[in-house]
Amino acid sequence: MKIKNFAMLAGVAGLLAACGGSSKIVEPADLNDQRVFFGFNSSEISDEARDNLLGQSLYMKNHKDVKIQIAGNCDERGSTEYNLALGARRANAAKEVLVRDGVESNRISTISYGKERPLVQGTGESVWKWNRNATTTVK
């Protein structure tokens with residue numbers, strides 16, 4: 001009987017640990033220039049990006065009058081057309097996280113700048129990784 005109770009308590013403790021205790025979701029003080037970053041040729045939302053976006057969602061839920069624009073950006077590689085499409089996918093992927101978390105879709109617009117507005121000038125992965133982002137701006 002004691003072993004069964006111990007096993008059940010251990011299972012409950014594991015479940016509680018998996019459900020949250022160490023959340024990295026933090027509401028930012030301001031949404032302007034909040035950025036999430038992407039891998040090369042990807043619009044997949046990483047865990048770190050999701051935590052950032054969920055923090056932005058929390059801000060928007062606490063500030064019902066705020067509307068934002070999410071701009072998708074790319075590094076300099078690839079054609080203009082390819083990067084505009086990839087930037088749009090990045091902006092929409094970020095928007096989707098906010099909408100799924102309960103933010104009204106009509107409060108979020110998206111735009112793609114492709115490779116036209118690099119955050120950091122130069123070439124090489126140490127520069128390109130910063131230019132693959134979705135940037136939030138309050139409208």
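**Group meeting: a walk through the fold, with stops at D75 and S112**

Okay, let's start with the outside. The chain has an accessible surface of about 8,400 Å², and carbon and sulfur atoms hold 56% of that. Keep in mind as we go that this is a predicted model. The chain has 139 residues, and 34% of them are buried.

So what order do the elements come in, starting at the N terminus? They run α-β-α-β-α-β-α-β, and the tally is 4 helices and 4 strands. If you look at contacts with a separation of 6 or more, 77% are between residues 24 or more positions apart.

Now the sheet. It's an open one with 4 strands, in the order β1-β4-β2-β3, and the pairing is mixed. Out at the edges you've got β1, residues 34-37, and β3, residues 108-114, each pairing on one side only. On average, neighbouring strands here are turned by 20° against each other, ignoring direction. As a quick reminder, strands in a sheet pair through backbone hydrogen bonds, and they can do that parallel or antiparallel.

Let's take two of those pairings. β1 and β4 run antiparallel and are joined by 4 bridges; Q34, for one, has T136 as its bridge partner in β4. On to β2 and β4, which is residues 133-138: that pair is antiparallel too, over 5 bridges. If you want to find it on screen, pick I68, whose bridge partner in β4 is V138, or G72, which is matched with A134.

Then the helices. Which strands does α2 lie across? Helix α2, residues 47-62, lies across β1, β2, β3 and β4, and runs at about 150° to β1. Helix α3 lies across β2, β3 and β4, with an angle of about 155° to β3.

Right, two residues I'd like you to click on. Number one is D75, in the loop between β2 (68-73) and α3 (80-100). Is D75 buried or exposed? Its relative accessible area is 4%, and the cut-off for buried is under 20%, so D75 counts as buried. Its side chain makes a polar contact with the side chain of R77 at 2.7 Å, and there's another with the R132 side chain at 3.4 Å. Leaving out anything up to four places away in sequence, D75 touches F40, N83, K115, W128, N131 and R132.

Number two is S112, which sits in strand β3. It comes in at 18% relative accessibility, and because buried means under 20%, S112 makes the cut as well. What does the S112 side chain reach at 2.7 Å? That's the backbone oxygen of L84. The same side chain gets to the backbone nitrogen of A88 at 3.3 Å. Setting aside neighbours within four places in sequence, S112 is in contact with G72, N83, L84, G87 and A88. You'll remember G72 from the pairing with A134 in β4. And how far apart are S112 and A134, C-alpha to C-alpha? They're 8.9 Å apart in space, with their positions 22 residues apart in sequence.

One last thing to look for: N83 is on the contact list of D75, and N83 is on the list for S112 too. That's me done, so grab the model and have a look around.

Technical notes
Residues numbered from 1 in each chain as written. Predicted model: local features only at pLDDT ≥ 70, side-chain atom pairs only at ≥ 80, totals over all residues. Heavy atoms only, no water. Buried < 20%, exposed > 50% of the residue type's maximum accessible area, 1.4 Å probe, protein only. Polar contact = N/O pair within 3.5 Å; in protein donor to acceptor, adjacent residues only side chain to side chain. Contact = heavy atoms within 4.5 Å. Pairing = 2+ DSSP bridges. Axes fitted to C-alpha atoms, helices over the stretch in contact; angles between N-to-C directions. Areas by Shrake-Rupley, 256 points an atom, 1.4 Å probe, with all protein chains shown as cover.
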